[in-house]
Amino acid sequence: MTTQLPTDDPTRTAAWTRLSSLAAGLVDTTVRDLVDAGAERAAALTRTGARIHYDVSRQRVTDEVLAALLDLAAERDVRGRRDAMLGGAHINSTEDRAVLHTALRRPSTDALAVDGVDVVSEVHEVLGRMGAFADEVRSGDWRGSTGQRISAVVNIGIGGSDLGPAMAHIALEAFSTREIDFRFVSNVDPTDIAEAIRDLDPATTLFIVASKTFTTLETMTNARAARTWLVAALGEEAVERHFVAVSTNAEKVAEFGIDTANMFGFWDWVGGRYSMDSSIGLSTMIAVGPDGFAEMLSGFHAMDAHFATAEPADNLPMLMGLVAVWNRDFLGIETTAVLPYSQYLSRFPAYLQQLTMESNGKSVRLDGTRVDYPTGAIVWGEPGTNGQHSFYQLLHQGTSTVACDIIVVARSENPLTDQQDMLVANALAQAAVLARGRTAEEVAADGTPADLVPHKVMPGNRPVSVLLVDRLDPFTLGALVALYEHSVFVQGAVWGIDSFDQWGVELGKKVAMGILGNLTGDDAATFDPSTDASIALYKQLR
């Protein structure tokens, strides 16, 4: 049964009105003013949970703003909605589903019944099978059809079936086996699969096909291309030793030629963008081993427990989500840059794009009424220091204000002379300059010629959060992902939207199938004049 939760307009709350007034009163107060007001601010505005230190002292927030944001969360019953989610209520109302990605990382000693089924025991049954398979591949006990051990794993998926595993592979490379090459294919562009397998040996390659329904157009197109490549070299009988499936559609999996004993399932209460710690993470488990994967799940669960139990004022996901609402709705900031100062987190911004923008890119509330306030910030980014030589110019002196999350790792897995200190120095310098800027007087005091002074002024006043972690290990990656997951949840709960459906993705797929029929000659359907013109030109050029 769907649980009814607050769906009314958040702008009608007393806290929203109070926040609007506070934002108006801060027009002439800059982040520099706030930061320079006293040394105690940084300590007072830093919170710690699951080994992550979250510092919002460079955000345009005051004690009054934070108090009003917490009041907003209370008026919107964010904690009640959180508890409903954790308890298995069907808070995904448009699909009448529970939202239980947190069950994927619960200890085996827990129990949670959803619709009469203990989901925790089911999760650990799949984890056990995944672990046994991963150990076989890692040890060489799993052999290809010619008797050779696996030296390459190719994950074929798209969206959450690709972004999470691909991000985690890079993030945890320091903890991964180096005896196996991992590759990720998602784009239906034939170049993606062609380049991924070009230099591989079919006899030593294992494909993981990740599709819940085993009908996803892009994934199955690439899977069939991989199958054709393998069969051409090794024959039909080789398929079951070189393909495994992450799916719930046993019939389709068997039709493909995969032994259903090598099918790893998951559940409809796991959204794609929340699935990297499910069987979708099979490639991750093969890379870091079952113990490393268990450590990642422990990090996820530690942040889940923090979110579930910490008081709102000390709750990292609650604060991160509320600060995001403050920036988006009250300061008018449309975009957030995620800037990880770690090469291992190079794909983390791309992962967060889907997590945040697919979840909260909504313009209709849970009750079906349209919103008339901003939701869902645009999220993007690149790792430092590369970004400093790319788009930071706009961050510092552009006409658009961008909020920034700067992620800093204290200890490198690859200590080389003083390079980690150099990296962290850059991160903290950027945080300082983005937040505080540099005035004309300060520029002139450096001896800058008067005609150049305006060009070197940095306005500052860019809101910055700094997330500092000890090291980037499996535990920390899990905690970091869970932090952003729950922050997204808090934002959606405040806005009264369904953060767990994605109807906006579906229409384009449907229209694409119609156009494909036209392009392949199976269907003479016509579309709007512009589309018909593009189809005609494409046919001419191909």
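Biologist: How much space lies in the largest cavity of this structure?

Modeller: The structure is a predicted model, and its values are computed from that model. The search counts four cavities of 30 Å³ or more. For the largest cavity, the space comes to about 320 Å³.

Biologist: Which residues of its lining are closest to the centre of the largest cavity?

Modeller: The lining of the largest cavity is made up of 28 residues. The elements that each give two or more residues to this lining are α13 (316-330), β10 (335-341), α14 (348-360), β12 (403-411) and α19 (474-495). The lining residues closest to the centre are Ala 324, Thr 336, Val 379, Asp 405 and Gln 491.

Biologist: Which element gives the largest share of the lining of the largest pocket?

Modeller: The largest pocket holds about 1100 Å³ of space. Of the 40 residues that line this pocket, Thr 216, Gly 272, Gln 502, Glu 506 and Lys 509 are the closest to its centre. Two or more lining residues come from each of α7 (160-171), α9, α14 and α20 (506-520). The largest share, four residues, is given by α20.

Biologist: What is the order of the strands in the open sheet of five strands?

Modeller: The pairing in this sheet is parallel. Its edge strands are β6 (181-185) and β9 (263-264), each of which pairs on one side only. Between β5 (residues 152-156) and β7 there are five bridges, and between β7 and β8 (residues 243-246) there are four. The order is therefore not that of the numbering along the chain, for it reads β6-β5-β7-β8-β9.

Biologist: Which residue of β8 is the bridge partner of Ile 208?

Modeller: Strand β7 has a parallel neighbour in β5 and another in β8. Towards β5, Leu 206 is the bridge partner of Val 153, and Phe 207 stands opposite Val 154. Towards β8, the partner of Ile 208 is Val 244.

Biologist: Is strand β7 largely enclosed by the rest of the structure or largely open?

Modeller: In a regular strand, side chains alternate between the two faces of the sheet. In β7, Thr 205, Phe 207 and Val 209 point one way, whereas Leu 206, Ile 208 and Ala 210 point the other way, and all are buried. Because six of the six residues of β7 (residues 205-210) are buried, the strand is largely enclosed.

Biologist: What accessible area do Leu 217, Met 513 and Leu 516 have together?

Modeller: Leu 217 lies in helix α9 (residues 217-234). With a relative accessible area of 37%, Leu 217 is partly exposed. With Met 513 and Leu 516, Leu 217 forms a nonpolar patch on the surface, and their accessible area together is about 240 Å².

Biologist: Are Lys 362 and Asp 501 buried or exposed?

Modeller: The side chains of Lys 362 and Asp 501 meet in a salt bridge, with 2.8 Å from N to O. This pair links distant parts of the chain, 139 residues apart: Lys 362 is in the loop between α14 and β11 (378-380), and Asp 501 is in the loop between α19 and α20. Buried residues have under 20% relative accessible area, and both Lys 362 and Asp 501 count as buried.

Biologist: How far apart are the closest N and O atoms of Arg 97 and Glu 95?

Modeller: Side chains of opposite charge can pair when their charged atoms come close. Arg 97 is partly exposed at 29% relative accessible area, and Glu 95 is partly exposed at 23%. A salt bridge joins Arg 97 and Glu 95, and the distance between their closest N and O atoms is 3.8 Å.

Biologist: With which residue does the side chain of Arg 106 meet in a salt bridge?

Modeller: Arg 106 counts as partly exposed, at 22% relative accessibility. Its partner is also partly exposed, at 28%. At 3.9 Å from N to O, the side chain of Arg 106 meets that of Asp 110.

Biologist: Which residues are linked in a network of salt bridges?

Modeller: A search of the whole structure finds 24 salt bridges. A salt bridge pairs a side-chain nitrogen of Lys or Arg with a carboxyl oxygen of Asp or Glu within 4 Å. The residues linked in a network are Arg 105, Asp 277, Asp 304 and Glu 485.

Key
Residues are numbered from 1 along each chain as its sequence is written. This is a predicted model: local features need pLDDT of at least 70, side-chain atom pairs count only at pLDDT 80 or more; totals for chains, interfaces and linings use all residues. Side-chain values use heavy atoms; hydrogens and water are left out. Buried means under 20% relative accessible area, exposed over 50%, partly exposed in between (1.4 Å probe, protein chains only). Two strands pair if DSSP finds at least two bridges between them. Patches are made of residues with over 30% relative accessible area and no salt bridge: like charges are joined within 9 Å, nonpolar side chains (Val, Leu, Ile, Met, Phe, Trp, Tyr) within 5 Å. Accessible areas come from the Shrake-Rupley method with a 1.4 Å probe; for residues, only the protein chains shown count as cover. On a 1 Å grid over the protein atoms alone, a cavity is a set of points where a 1.4 Å probe fits but cannot get out, and a pocket is an open set with protein on both sides within 12 Å along at least five of seven lines; lining residues have an atom within 4 Å of a point. Grid points are joined across faces, edges and corners, and a volume is the space filled by probe spheres set on the points.
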